[in-house]
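This report looks at how a pocket is lined, how one helix is built and placed, and how the cysteines stand. Please keep the sequence and the model in view while reading.

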Amino acid sequence: MRTFNSFLACITSALFIYHSLSMSLFLMGMLPFSPIRKQLGWVLLALMLVHGVISLLLMIRTGGRYSYVKENFGVHLQRILGILAVCLLPLHLGAFGHFDPTLGKYVITTPTAGMFLIQSLFTLVYVIHFMISTPKIMVSAGIITDERRKKGFFIGGTLFGLAVGVLAISAFGIYCF
């Protein structure tokens, strides 16, 4: 089940990156509204929920195996961020607007500073979760066997995650202000 969840996390990560980049460009006015992007967002939501349920089941199944907080800080932080991300998810859905079939177009919600802060927090939580998870996914997939390569993937995931996060938060800022 852990390998399937890692595979699911890889697919979810790829969709998350696409969703973040394409919706950031949409919010900055560089791409028009696309129902396909909206539908992919719903697919992403479904995959994230399945990933979250499987992760919870795995967490329950392992019991107290990761009870040493100091040695397993990354595991605990990954779990906390995953739970926090699920809590912030309802605030993200529909935050920017909705498609009005009577008008035949996407209606943008009036942006606020509070919305900017919540969406920025949402993005940071997911980016940090992604940065922590990337090396672990690579280990589960058998791509990483050496501890030095694990650190390299962490650094690479961190830089890429930060780039996506900065773009998304910049798009929120352009949209809100």
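## Pocket, helix and cysteines

In this predicted model, α2 supplies the largest share of the lining of the largest pocket, namely 10 residues. The volume of that largest pocket is about 1100 Å³. Its lining is made up of 36 residues, of which Asn5, His51, Ser55, Gln78 and His129 are the closest to the centre, and the elements that contribute two or more residues to the lining are α1, α2, α3 and α4.

Helix α3 comprises the 20 residues 73–92, and because a rise of 1.5 Å a residue gives an expected span of 28 Å, the 27 Å between its end C-alpha atoms agrees with that expectation. Within α3 there is nevertheless a kink of about 25° at Val86, shortly before the proline Pro90, and just after the helix Gly94 adopts a positive phi of about 75°.

The buried residues of α3 are Val75, Gln78, Leu81, Ala85, Leu88, Leu89 and His92, and they pack against α1 (2–27), α2 (35–62) and α4 (113–140). As general background, an α-helix has 3.6 residues a turn, so residues three or four places apart point the same way.

How many disulfides does a search of the whole structure find? The search finds 0 disulfides. The accessibility of two cysteines is as follows.

| Residue | Relative accessible area | Class |
|---|---|---|
| Cys10 | 36% | partly exposed |
| Cys87 | 52% | exposed |

Cys87 is classed as exposed because its 52% lies over the 50% cut-off, whereas Cys10, at 36%, counts as partly exposed.

Key: Residues are numbered from 1 along each chain as its sequence is written. This is a predicted model: local features need pLDDT of at least 70, side-chain atom pairs count only at pLDDT 80 or more; totals for chains, interfaces and linings use all residues. Side-chain values use heavy atoms; hydrogens and water are left out. A disulfide is a pair of cysteine sulfur atoms within 2.5 Å. Buried means under 20% relative accessible area, exposed over 50%, partly exposed in between (1.4 Å probe, protein chains only). Helices (H or I, at least four residues) and strands (E, at least two) are DSSP runs, numbered from the N terminus. The expected span of a helix is 1.5 Å times one less than its number of residues. The bend at a residue is the angle between axes fitted to the seven residues ending there and the seven starting there. Contact means heavy atoms within 4.5 Å. On a 1 Å grid over the protein atoms alone, a cavity is a set of points where a 1.4 Å probe fits but cannot get out, and a pocket is an open set with protein on both sides within 12 Å along at least five of seven lines; lining residues have an atom within 4 Å of a point. Grid points are joined across faces, edges and corners, and a volume is the space filled by probe spheres set on the points.
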